[in-house]
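Work through the exercises below with the sequence and the model at hand. Each task is followed by a solution in steps.

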There are 2 protein chains.
Amino acid sequence: MGLWFTEKQTDNFGITAKVKRTHHTEQTDFQQLDMLETEEWGNMLTLDGMVMTTQKDEFVYHEMMAHIPLFTHPNPEHVLVVGGGDGGVIREVLKHPEVKKATLVEIDGKVIEYSKKFLPEIAGDLEDARVEVKVDDGFMHIAQSEAAYDVIMVDSTEPVGPAVNLFTKGFYAGISNALKEDGILVAQTDNPWFKADLIQQVYQDVKEIFPVTRLYTANIPTYPSGLWTFTMGSKTQDPLEVPESRFHELETKYYTKELHKASFVLPKFVKDLTE
Amino acid sequence: MGLWFTEKQTDNFGITAKVKRTHHTEQTDFQQLDMLETEEWGNMLTLDGMVMTTQKDEFVYHEMMAHIPLFTHPNPEHVLVVGGGDGGVIREVLKHPEVKKATLVEIDGKVIEYSKKFLPEIAGDLEDARVEVKVDDGFMHIAQSEAAYDVIMVDSTEPVGPAVNLFTKGFYAGISNALKEDGILVAQTDNPWFKADLIQQVYQDVKEIFPVTRLYTANIPTYPSGLWTFTMGSKTQDPLEVPESRFHELETKYYTKELHKASFVLPKFVKDLTE
C-alpha cells in the first residue's frame with residue numbers, strides 16, 4: 001500500500017490520500033507543517049494534520065473567498081487577507097483591477113516560504129507589486145487598524161491552535177472597526193455537517209455587528225463533508241443585490257456571475273442555522 | 001483503533017469511517033452487500049464496498065432525486081424508480097399527493113430485505129398501499145414498458161456490476177419510450193471531480209433523446225467529492241420554468257423551492273461538461 005495521509009475530520013470519519021513523497025515536514029513555531037505530493041490532488045499543504053490546500057482543488061476556496069465580496073463592494077481598493085499564507089486568495093484578489101493594494105498578514109512565515117517553493121502557481125502572486133506581506137499576528141493587526149480596508153478576508157485554519165482568536169466576537173468587532181464605510185468581511189466558517197454550532201455562533205456574532213449578514217457555500221472535496229461555508233458581514237452592500245454593471249469578465253474555474261447569487265441559496269438544514 | 005470501513009473512491013483517494021458493528025454481510029447473486037453500524041453516519045449500506053446510503057445523510061440524495069422532477073411535472077401520477085431498493089426515493093415520492101402509484105424495480109431483493117430490517121425510517125414506506133415493488137432487472141423492465149410512466153428515476157449504483165447497462169444511450173432511449181407525453185427522466189450521474197467523462201457522455205446521450213436536458217447538483221458528504229450530479233431529460237417541461245403555483249409545502253431537510261432553481265446553477269468546470 002505504501003504511504004497514505006489520513007485526516008480524521010471528526011473522531012469517527014476521515015479522508016485518506018495516497019502519498020508519492022513528503023516534500024517537507026516541520027514543527028514550526030505555531031503548528032506542524034507538512035507538504036505532501038499526493039497522487040490524486042498534486043501537492044498538498046497540511047497544518048496540524050488538516051488539509052489546507054491542494055493543487056487540484058484549491059481554485060474553489062480561493063475564488064469563492066475572493067470574488068464574492070470583491071464584486072459586492074463598489075470600489076475595493078485596499079484588501080486585507082488574514083491568514084492565507086499559501087497566497088491563493090491574494091492571487092484571486094489581484095484579478096480585480098480596482099484593487100490598488102492587497103495586504104497579507106500571516107502568522108507563520110514558514111507557510112509562505114514552503115508555499116512559494118512547492119505551490120508556485122498558488123503563491124506566485126505574493127511577489128506582485130500591489131502585494132504587501134506581513135508575518136504577524138492577524139488578531140493584533142486588526143486590533144491596531146482603523147478604517148483602513150475595504151474588504152477583509154479571514155482565510156484561517158480551524159478554530160484550534162493559532163486561529164482560535166479568529167472566531168471570536170471581539171475579532172469581528174475589530175474587523176468592523178478596521179473596515180472603511182462600505183466595508184465587507186468574509187470569513188471561512190467550516191462545514192454544516194460536523195460544525196453546525198460554530199456556524200450558528202459566528203453567524204449570530206457577525207449579525208450583531210454588521211447590518212448585512214449572509215452565509216454562502218462552495219464544494220471543496222478535500223475539506224470535511226465537501227460543503228464549505230463562508231460568512232459575510234457587510235456595512236452597506238448586499239451581495240444579493242449587486243448591480244449587473246459591477247460584474248466584469250474574470251478567468252475562473254468555479255465562480256460565475258450566476259453562481260455568485262446561487263451560492264447563497266442554502267440547503268434547508270443549513271439555512272436553519274441562520275435563523 | 002478497531003474496525004474501520006474504507007472506500008477507495010479512486011485508486012488514490014478515499015473515505016474512512018469507524019464501525020461499531022457489522023449487522024450483516026453477504027455476497028448476494030449480484031453484489032457484496034454490507035450493512036454496517038458506523039459511529040458518524042449511523043447505519044450504512046454498502047454495495048461492492050461503495051457507500052450507497054447512511055442514516056445521517058440519506059435525506060439529501062433522496063429528496064433531490066424525487067422533488068426536482070416531481071415539482072417540474074404538471075401531474076405526476078405514476079412514478080417508476082429503477083434501483084433504489086433502500087426505499088428512500090420512494091419515501092420522498094409519496095410526499096406528493098398527485099402520485100397515485102409508485103413502482104420500484106430493484107434487481108437485488110436482498111437490498112430491499114436488509115434495508116427494511118436495518119434502515120426502517122428509509123425503507124418503511126415500501127409497505128405503502130400506493131407502492132408496487134418488483135424484484136426484477138430495470139433494463140428489461142424499461143425495454144418492455146411503453147408510455148407507462150410520468151416520471152422515471154434511475155437510482156442506480158455506479159456503472160460497474162449490475163448497473164452497467166443503466167448508463168447507456170439505449171437505456172435512455174428506452175426510458176423515453178416508457179414515459180408518457182410530458183415524461184421526465186432523472187438519473188444519478190456521479191461526481192464531476194473524478195467522473196467528468198461519464199457526466200459529459202450521459203449528458204450528450206440524454207440531450208440527443210430529450211428536448212430539455214439539465215444537470216443539477218447536491219452535496220452528499222459520504223459520496224465521492226461531496227458533490228453529486230443528477231441529469232434530467234424532459235419531453236416538454238423545463239425545471240427552471242416551473243410555475244410558482246405548482247410548488248406546495250413539503251417537509252424536507254435539504255430541498256427548498258429556492259434551492260430547486262439554484263441547484264441547476266453549476267460551478268464553471270461542471271457547466272463546461274454540458275457544453
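**Exercise 1.** How many salt bridges does the count give between domain 1 of chain A and domain 2 of chain A?

*Conventions.* This is a predicted model, in which local features need pLDDT of at least 70 and side-chain atom pairs count only at pLDDT 80 or more, while totals for chains, interfaces and linings use all residues. Residues are numbered from 1 along each chain as its sequence is written, chains are lettered from A and ligands numbered from 1 in the order in which they are written, and side-chain values use heavy atoms, with hydrogens and water left out.

*Solution.*
Step 1. Set the bounds: domain 1 of chain A covers 4-54 and domain 2 covers 58-274, as given by an automatic or database domain assignment.
Step 2. Apply the rule: a side-chain nitrogen of Lys or Arg within 4 Å of a carboxyl oxygen of Asp or Glu.
Step 3. The count between the two domains is one salt bridge.
Step 4. A:Glu26 and A:Lys110 form a salt bridge, with 3.3 Å between the closest N and O atoms.

**Exercise 2.** Describe the contact between the two domains of chain A.

*Solution.*
Step 1. The domain centres, taken over C-alpha atoms, are 23 Å apart.
Step 2. Domain 1 of chain A brings 22 residues to the contact and domain 2 of chain A brings 22 residues (contact: heavy atoms within 4.5 Å).
Step 3. The buried area is about 2,100 Å², with 70% from carbon and sulfur atoms; buried area is the accessible area (1.4 Å probe) that two parts lose on being put together, summed over both.
Step 4. Seven residue pairs are in polar contact across this interface, both residues being at pLDDT 80 or more. A polar contact is a pair of N or O atoms within 3.5 Å; within protein, one must be able to donate a hydrogen and the other to accept it, and residues adjacent in sequence count only if both atoms are side-chain atoms.
Step 5. On the side of domain 1 of chain A that touches domain 2, strands E1 (4-10), E2 (13-27), E3 (32-38), E4 (42-47) and E5 (50-54) of chain A each supply at least two residues. Strands are DSSP runs (E, at least two residues), as helices are (H or I, at least four), numbered from the N terminus.

**Exercise 3.** What does chain A contribute to its contact with chain B?

*Solution.*
Step 1. The contact takes 39 residues from chain A and 39 residues from chain B.
Step 2. About 3,200 Å² is buried between the chains, 69% of it from carbon and sulfur atoms.
Step 3. In chain A, the residues losing the most area to chain B are A:Asn12, A:Phe13 and A:Trp193, together 22% of what that side buries.
Step 4. Between the chains there are zero salt bridges and 14 residue pairs in polar contact (both at pLDDT 80 or more).
Step 5. Among the elements giving two or more residues to this side of chain A are helix H1 (58-72) and helix H8 (257-262); the largest share, six residues, comes from E2(A).

**Exercise 4.** Which strands of chain A hold A:Arg21 and A:Glu37?

*Solution.*
Step 1. A:Arg21 and A:Glu37 meet through their side chains in a salt bridge (2.7 Å, N to O).
Step 2. A:Arg21 lies in strand E2 of chain A and A:Glu37 in strand E3 of chain A, 16 residues apart.
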